[in-house]
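Please open the structure in your viewer and keep the sequence panel visible. The tour below proceeds by selection, and each stop states what is to be found there.

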Amino acid sequence: MKTASLVFVVCVTLLTSGIVFAQEKGISLIPSRVEADKNSDGKIDHWEFYSDGKLERIEIDSDFDGTVDEKIYFKDGKPYKGERDSDKDGATDTWLYY
Ligand SMILES: [Ca+2]
Ligand SMILES: [Ca+2]
């Protein structure tokens with residue numbers, strides 16, 4: 001238990017010092033894009049796009065065929081519009097308003 005606490009403290013210290021170093025060098029640690037492989041097949045199927053740290057859009061490949069079929073747009077951190085290609089023909093056929 002004591003070892004786990006020590007490892008945690010060391011990890012937090014290293015992470016914190018990295019953030020301080022990056023800030024001193026003027027390096028932004030805020031991502032502009034986050035990619036994820038939700039079904040663990042090795043291919044990206046979920047994208048999040050940020051501007052100044054604020055989420056602007058999420059794109060999803062819901063059937064994992066390599067093509068985005070759903071987009072959700074955000075304003076002030078809240079979703080306001082969604083678009084879906086339900087029949088997978090490459091054109092939006094469903095619009096959602098939040
Ligand atoms: Ca995937
Ligand atoms: Ca797809």
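Begin with the hairpin formed by β2 and β3, which has two residues between its strands. In the turn, select D52, whose phi is positive at about 55°; D52 is a residue other than glycine. D52 belongs to the loop between β2 and β3. Is D52 buried or exposed? D52 is exposed, because 8 other C-beta atoms lie within 10 Å, and a residue counts as exposed at 12 or fewer. Please bear in mind throughout that this is a predicted model.

**The two strands of the hairpin and their neighbour**

Next, select residues 54-60, which are strand β3; this strand and β2 pair in the antiparallel sense over six bridges. Within β2, pick H46, whose bridge partner in β3 is I60. Turn then to the opposite side of the pairing: A36 stands opposite H46. Extending the selection to residues 33-36 shows strand β1, which pairs with β2 (residues 46-51) in the antiparallel sense over four bridges.

**The whole sheet**

Now display every strand together. Six strands form an open sheet with antiparallel pairing, in the order β1-β2-β3-β4-β5-β6. Strands β1 and β6 (94-97) stand at the edges with a single partner strand each, so one side of each has no neighbour in the sheet. From one strand to the next, the twist averages 15°. Strands of a sheet pair through backbone hydrogen bonds, in either a parallel or an antiparallel sense.

**Strand β4**

Select residues 70-75, strand β4, and highlight Y73 within it. Which residues does Y73 touch, leaving aside those up to four places away in sequence? They are R57, P79, Y80 and K81. Y73 is classed as partly exposed because 16 other C-beta atoms lie within 10 Å, a count between the limits of 12 for exposed and 20 for buried. A distance drawn from the C-alpha of Y73 to that of Y98 reads 9.9 Å, for two residues 25 apart in sequence.

Strand β4 also contains K75. K75 counts as exposed, because it has 12 C-beta neighbours inside 10 Å. The C-alpha atoms of K75 and K54 are separated by 8.5 Å, although the two residues are 21 apart along the chain.

**Strands β5 and β6**

Move on to residues 78-84, strand β5, which pairs with β6 in the antiparallel sense over four bridges. Here R84 stands opposite T94 in β6. Between β5 and β6 is a loop that contains K88. K88 is not a glycine, yet its phi is positive at about 60°. K88 is exposed, because its C-beta neighbours inside 10 Å number 12.

**The chain as a whole**

Finally, show the complete chain. The protein has one helix and six strands, and its elements run α-β-β-β-β-β-β from the N terminus on. Of its 98 residues, 2% are buried. Among contacts with a separation of 6 or more, 1% are between residues 24 or more positions apart.

Colour the model by pLDDT as the last step. The average for the protein is 84, and 77% of the residues score at least 70. Select residues 6-12 in particular: pLDDT stays under 50 there, and the model has zero contacts for them beyond four places in sequence.

Methods:
Residues are numbered from 1 along each chain as its sequence is written. Chains are lettered from A and ligands numbered from 1 in the order in which they are written. This is a predicted model: local features need pLDDT of at least 70, side-chain atom pairs count only at pLDDT 80 or more; totals for chains, interfaces and linings use all residues. Two residues are in contact if their C-beta atoms, placed from the backbone, lie within 7 Å. Two strands pair if DSSP finds at least two bridges between them. Axes are lines fitted to C-alpha atoms, for helices over the stretch in contact, and angles run from 0 to 180 degrees between N-to-C directions. pLDDT is the predictor's confidence in each residue, from 0 to 100.
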